2 protein chains.
Amino acid sequence: MRDFLQGLQDSVCAALESEDGSGRFSEDSWERPEGGGGRTRILAQGAVFEKAGVAFSHVMGPALPPAASARRPEIAGKSWSAAGVSVVLHPRNPYVPAAHANVRFFVAGADTPAPSWWFGGGWDLTPSYGFEEDAVSWHRSARDAVAPFGASLYGRFKAAADDYFFLRHRGEARGIGGLFFDDFDELGFERSFALLRGVAEAFMGAYRPIVARRKATPHGEAERAHQLRRRGRYVEFNLLQDRGTLFGLQSGGRTESILMSLPPLVRWDYGAVPQPGTPEARLLEFFLKPRDWLEGSP
Amino acid sequence: MRDFLQGLQDSVCAALESEDGSGRFSEDSWERPEGGGGRTRILAQGAVFEKAGVAFSHVMGPALPPAASARRPEIAGKSWSAAGVSVVLHPRNPYVPAAHANVRFFVAGADTPAPSWWFGGGWDLTPSYGFEEDAVSWHRSARDAVAPFGASLYGRFKAAADDYFFLRHRGEARGIGGLFFDDFDELGFERSFALLRGVAEAFMGAYRPIVARRKATPHGEAERAHQLRRRGRYVEFNLLQDRGTLFGLQSGGRTESILMSLPPLVRWDYGAVPQPGTPEARLLEFFLKPRDWLEGSP
């Protein structure tokens with residue numbers, strides 16, 4: 001598991017450096033006083049990525065807090081271990097969407113006769129400007145990544161992403177979604193792990209073509225301002241709602257590693273609403289409404 | 001009460017326009033479907049204030065939710081009404097501190113034989129660069145504002161501000177504090193209301209001299225970047241911890257009015273730590289540690 005996750009971190013960083021062309025990751029290794037640690041890698045001020053974070057962590061504790069086991073009361077108080085990789089990409093060009101991926105593995109009671117384990121993960125896309133071509137290719141990659149593991153999984157995981165990445169106080173989706181799953185063990189360990197690997201390894205293949213299509217798009221100050229305002233929504237989601245962020249901060253996680261997800265530069269303008277008929281308005285009206293992007297698509 | 005609060009909004013806006021010299025407030029009046037409404041005033045891109053928000057609201061409901069009455073179980077489920085003014089000031093010059101003030105009045109069960117009422121409020125200062133002269137004058141104004149109502153109030157309200165405006169996940173104060181009180185009724189209605197007025201009316205007198213001293217300080221890109229990173233802490237506090245923000249968003253308040261508190265432009269840079277011996281480091285090491293600013297001061 002650890003080998004897979006660290007290898008994933010390596011391969012994602014290599015692909016991002018290649019796509020960026022000039023930025024390089026630097027690494028912070030850290031240890032957690034209560035057990036475990038991680039290595040956080042950040043590429044800042046690249047040519048394509050204004051900020052890219054790819055973080056591996058493996059942390060553990062002697063007793064699972066009640067808040068972390070609400071859905072599985074039988075594991076409350078047991079020893080636990082969690083390992084995962086998180087990827088957060090904030091591109092410079094407003095026409096390149098931000099992207100997020102995460103895979104995680106959890107074990108509780110590894111020192112008991114009946115340990116519990118599960119996987120979680122997924123990836124989602126957050127455009128400032130919408131393109132149907134990108135949304136369709138993104139969701140087709142998502143569907144193809146999980147298809148070998150069950151015909152119904154894409155529909156379930158896609159709906160879960162739409163549900164999860166939704167800003168309740170705005171009544172607005174964060175982006176165009178993708179895949180989201182948690183508490184996943186239903187295929188048994190080997191097949192569930194294979195699903196996790198399949199999702200993780202398909203991420204860059206889904207994202208790179210979109211970056212390549214959009215990264216040279218000309219833009220000006222208005223597009224940049226719109227992008228920075230959309231990043232404000234990203235911050236709102238992560239600090240108000242994201243379970244991983246809130247659990248990490250509340251449980252004494254490493255703040256800088258948890259908050260590597262926050263965008264490098266962000267605007268809030270009171271009452272900013274796009275003019276009707278503009279691409280900025282179309283983002284909200286069309287792209288940020290959950291929809292079946294693969295309807296009628298092969 | 002309503003007259004006082006709306007008059008306060010008028011006078012604070014007038015003083016801010018005068019201090020700014022060029023920016024003008026624009027007003028959004030709004031109504032809340034469940035009852036009440038407000039008028040939110042924003043000055044954007046002024047000469048001194050990059051963003052200033054001064055919001056009046058008066059909202060009400062038929063049944064207080066349990067979360068809002070945890071400290072007063074006897075009022076759960078009663079009708080309620082809340083009125084207040086919030087002021088959030090984000091100056092352009094990094095040497096001018098951000099400032100926040102709030103006064104609020106709450107009534108529960110006004111239609112019952114024994115209504116409950118209380119006041120809350122205060123003001124606090126969030127510098128990006130610390131000046132002892134400013135900290136002392138700010139706290140002296142705070143002490144003087146509440147002195148007529150009891151010798152112990154400044155110490156209590158100052159300690160409450162230090163406790164409240166503290167970022168737990170950073171182990172760091174948001175700013176240098178000031179006054180904070182809530183659930184306040186101990187002087188009876190007339191004297192408690194007089195205290196609220198005294199605090200509200202002292203705010204601009206405490207803040208304007210500091211703005212005047214700092215607003216023409218020359219600065220460059222490094223100071224600006226530091227300011228934008230400090231604003232990131234402000235966002236973290238408001239979205240992760242601020243009770244008013246979280247209660248407002250969770251209870252279906254008007255999102256744009258609640259989030260007017262967020263700064264206009266913000267940076268997050270992974271692992272950014274000031275160089276030892278710099279004014280940026282001194283902010284953290286000296287000014288953002290709760291201390292008695294009036295020790296030995298007349």
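I take contact here to mean heavy atoms within 4.5 Å. The model I am reading is a predicted one.

**Entry: Glu19(A)**

I began with Glu19(A), which I found in helix α1 (residues 2–20) of chain A. Leaving aside neighbours within four places in sequence, I listed Val48(A), Phe49(A), Arg208(A), Val211(A), Ala212(A) and Lys215(A) as the residues in contact with Glu19(A). Is Glu19(A) buried or exposed? The relative accessible area of Glu19(A) is 8%, and because buried means under 20%, I entered Glu19(A) as buried. I then looked up the side chain and noted a polar contact between Glu19(A) and the side chain of Lys215(A), at 2.9 Å.

**Entry: the nonpolar cores**

Next I turned to the largest nonpolar core, which has 61 residues, and noted that Leu89(B), Trp123(B), Trp138(B), Phe203(B) and Tyr207(B) touch the most other members. Helix α4 (residues 188–214) of chain B gives the most to this core, and I recorded 13 residues for that helix. For Leu89(B), with neighbours within four places in sequence left aside, I wrote down contacts with Leu16(B), Phe49(B), Lys51(B), Ala52(B), Ala98(B), Ala99(B), Phe203(B) and Tyr207(B). Apart from this core I found another, of 59 residues, whose members include Leu16(A), Val85(A), Phe105(A) and Ala194(A). As a general remark, nonpolar side chains tend to be buried together in soluble globular proteins.

**Entry: where chain A meets chain B**

I looked up the contact between the chains and noted that 31 residues of chain A and 31 residues of chain B take part. Between them the two chains bury about 2500 Å², with 61% of this on carbon and sulfur atoms. Which three residues supply the most of the area that chain A buries against chain B? I found these to be Glu256(A), Trp268(A) and Tyr270(A), which together supply 32% of that area.

For the polar side of the interface, I recorded two salt bridges and 13 residue pairs in polar contact. I looked up one salt bridge by name, in which the side chains of Glu256(A) and Arg170(B) meet at 2.6 Å, N to O. On the side of chain A that touches chain B, at least two residues come from each of β2 (36–44), α5 (221–240), α6 (243–250), α7 (255–258) and β10 (265–267) of chain A. Of the elements, α5(A) gives the most to that side, with five residues. By class I noted 17 nonpolar, six polar and eight charged residues on this side of chain A.

**Entry: Thr40(B)**

I placed Thr40(B) in strand β2 (residues 36–44) of chain B and recorded that Thr40(B) is buried, with a relative accessible area of 0%. Setting aside neighbours within four places in sequence, I found Thr40(B) in contact with residues that include Tyr270(A), Asp28(B), Val54(B), Arg254(B) and Met260(B). The side chain of Thr40(B) makes a polar contact with that of Trp30(B), at 3.1 Å, and another with the side chain of Ser257(B), at 2.7 Å. I also looked up Gly23(B), which lies 17 residues from Thr40(B) in sequence and 16 Å away in space, C-alpha to C-alpha.

**Entry: salt bridges**

Over all chains I counted 54 salt bridges in the structure. One of them joins the side chains of Arg174(B) and Asp124(B), at 2.9 Å, N to O. This pair links distant parts of the chain, 50 residues apart, with Arg174(B) in the loop between β8 (172–173) and β9 (177–184) of chain B and Asp124(B) in strand β6 (residues 116–126). I noted both Arg174(B) and Asp124(B) as buried.

Arg230(B) forms a salt bridge with Glu172(B), and I recorded 2.9 Å between the closest N and O atoms. Here Arg230(B) lies in helix α5 (residues 221–240) of chain B and Glu172(B) in strand β8 of chain B, 58 residues apart. Both Arg230(B) and Glu172(B) are buried.

I then looked up Arg282(B) and Glu132(B), whose side chains meet in a salt bridge at 3.4 Å, N to O. Because Arg282(B) lies in helix α8 (residues 279–287) of chain B and Glu132(B) in helix α2 (residues 132–146) of chain B, the pair ties together parts that are 150 residues apart in sequence. I entered Arg282(B) as partly exposed, with a relative accessible area of 38%, and Glu132(B) likewise as partly exposed, at 42%.

My last note concerns Asp10(A), Glu27(A), Arg39(A) and Arg41(A), which are linked in a network of salt bridges.

Methods
Residues are numbered from 1 along each chain as its sequence is written. Chains are lettered from A and ligands numbered from 1 in the order in which they are written. This is a predicted model: local features need pLDDT of at least 70, side-chain atom pairs count only at pLDDT 80 or more; totals for chains, interfaces and linings use all residues. Side-chain values use heavy atoms; hydrogens and water are left out. A nonpolar core is a set of buried Ala, Val, Leu, Ile, Met, Phe, Trp, Tyr and Cys residues joined through side-chain atoms within 4.5 Å. Buried means under 20% relative accessible area, exposed over 50%, partly exposed in between (1.4 Å probe, protein chains only). Helices (H or I, at least four residues) and strands (E, at least two) are DSSP runs, numbered from the N terminus. Buried area is the accessible area (1.4 Å probe) that two parts lose on being put together, summed over both. A salt bridge is a side-chain nitrogen of Lys or Arg within 4 Å of a carboxyl oxygen of Asp or Glu. A polar contact is a pair of N or O atoms within 3.5 Å; within protein, one must be able to donate a hydrogen and the other to accept it, and residues adjacent in sequence count only if both atoms are side-chain atoms. Ala, Val, Leu, Ile, Met, Phe, Trp, Tyr, Cys and Pro count as nonpolar, Asp, Glu, Lys and Arg as charged, and the others, Gly among them, as polar.
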